[in-house]
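Colleague: Could you take me through one part of this model at close range? I would like to hear about the aromatic rings and what lies around them.

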Amino acid sequence: SLEELSDLCTPWCIHVVGTLRVAEQMAAGVDTADGLAAAVGCNAYALRQVMGHLVDKGVFNAAPDGRYKLNEVSEGLLDPARRPDLGGIGGRTAHAWGTLLHYVQTGEPGYAQTFGLPFWDDLAAHPDVAESFDDLMGPAGHGTPNADFPLTGGWQAIRTVVDVGGGTGAMLAEILRLHPHIRGTLVDLPGTVARSGDTFRQSGTSERVTTIGQSFFDPLPPGGDLYLLRKVLGNWPERETAKILRRCAEAAAPAGRVIVLGGIVPDGTPDRLTIETVLLGGKTDAISEFRALAYEAGLEVIAATQVPGSYYVVECRVKG
């Protein structure tokens, strides 16, 4: 019903108990409102109201004596990858939905009106939030990325990969693990690449990686065979997307290629709202739109392939 779909109480209650780690305390045997409130450091009366609402919604079970029990739904709160958390980046993304009206009215993100700075500037000003964002984007939040995607002519001719905006290096590490003949360069902001060491050590690829802390709006390291943009372009409006593509084209010239994973969809794909658009005002382009944008930036699309259950892979070369 419309009332059920517009309910804001339930998701906020779930975010609160997730942030407080209530399910972990219940798994450890604490099962009353007073006991849980003492364990997580909150007001017992307020928590009892929240738990009562979530019992009514089927998130928890309650015995006649008022003791709470986990069920199939709430056991999901024990999984760190699924558990909502209002700390760090989780709080930013949750509260950002309150800016949706501004975004719909203007097409511009309202993030700065809520948090005082635009998204990327806010992360730069709050290293703890930036670190939680990097964790969310990495294997802990999104799992190990699939590096098995097709290239025209295969991977054997590729000797160097530059991962542009590659976060803490999860995708680059997988590419290097799958292709031992390749060397890689990770480009992202200084604080992010500084957190990439464990990723490459754990994959056994540290000796084949160079990390460069910089903005991808600045000139990129030149001469790579392949420049990778994974989950980057959809975070930016078209003006910034064009700048990123132009930097890739400059660095890849004359014979390198640019691969885009994310931010482009086949023609005819319906528009869908994502948290990235609300946070950042980014735009996902249909492939026909992207062809024109890429061409203006000095690139031409040579292949666009949908990998079943995975990426839409768009491959570009520098214009001759």
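Modeller: Happy to; here is a walk through the aromatic rings, followed by a helix crossing. A word on the ground rules: this is a predicted model, in which local features need pLDDT of at least 70 and side-chain atom pairs count only at pLDDT 80 or more, while totals for chains, interfaces and linings use all residues. Residues are numbered from 1 along each chain as its sequence is written, and side-chain values use heavy atoms, with hydrogens and water left out.

The whole structure holds 11 aromatic pairs (rings of Phe, Tyr and Trp, the last by its six-membered ring, with centres within 6.5 Å; planes under 30 degrees apart are stacked, over 60 edge-to-face, the rest tilted). One of them joins Phe 216 to Phe 217, edge-to-face, with 5.2 Å between centres and 70° between planes. Phe 216 is buried at 13% relative accessibility, whereas Phe 217 is partly exposed at 24% (buried is under 20% relative accessible area, exposed over 50%, partly exposed in between, with a 1.4 Å probe and protein chains only).

Phe 217 also pairs with Trp 236: the centres are 5.1 Å apart and the planes stand at 90°, so this pair is edge-to-face too. Phe 217 sits in the loop between β5 (209-213) and β6 (226-230), and Trp 236 in the loop between β6 and α15 (238-252), so the pair ties together parts 19 residues apart in sequence (helices are DSSP runs of H or I with at least four residues, strands runs of E with at least two, numbered from the N terminus). Trp 236 is buried, at 14% relative accessibility. These three rings belong to one aromatic cluster with Tyr 111, Phe 115, Phe 119, Trp 120 and Phe 133.

Now to α15 itself. Its axis comes within 9 Å of that of helix α17 (residues 287-296), and the two cross at roughly 55° (axes are lines fitted to C-alpha atoms over the stretch in contact, with angles from 0 to 180 degrees between N-to-C directions). That makes α15 oblique to α17 (under 35 degrees is roughly parallel, over 145 roughly antiparallel, 65 to 115 roughly perpendicular, and the rest oblique). Where they meet, α15 brings Glu 238, Thr 241, Ala 242 and Leu 245, and α17 brings Phe 290, Leu 293 and Ala 294 (contact means heavy atoms within 4.5 Å).
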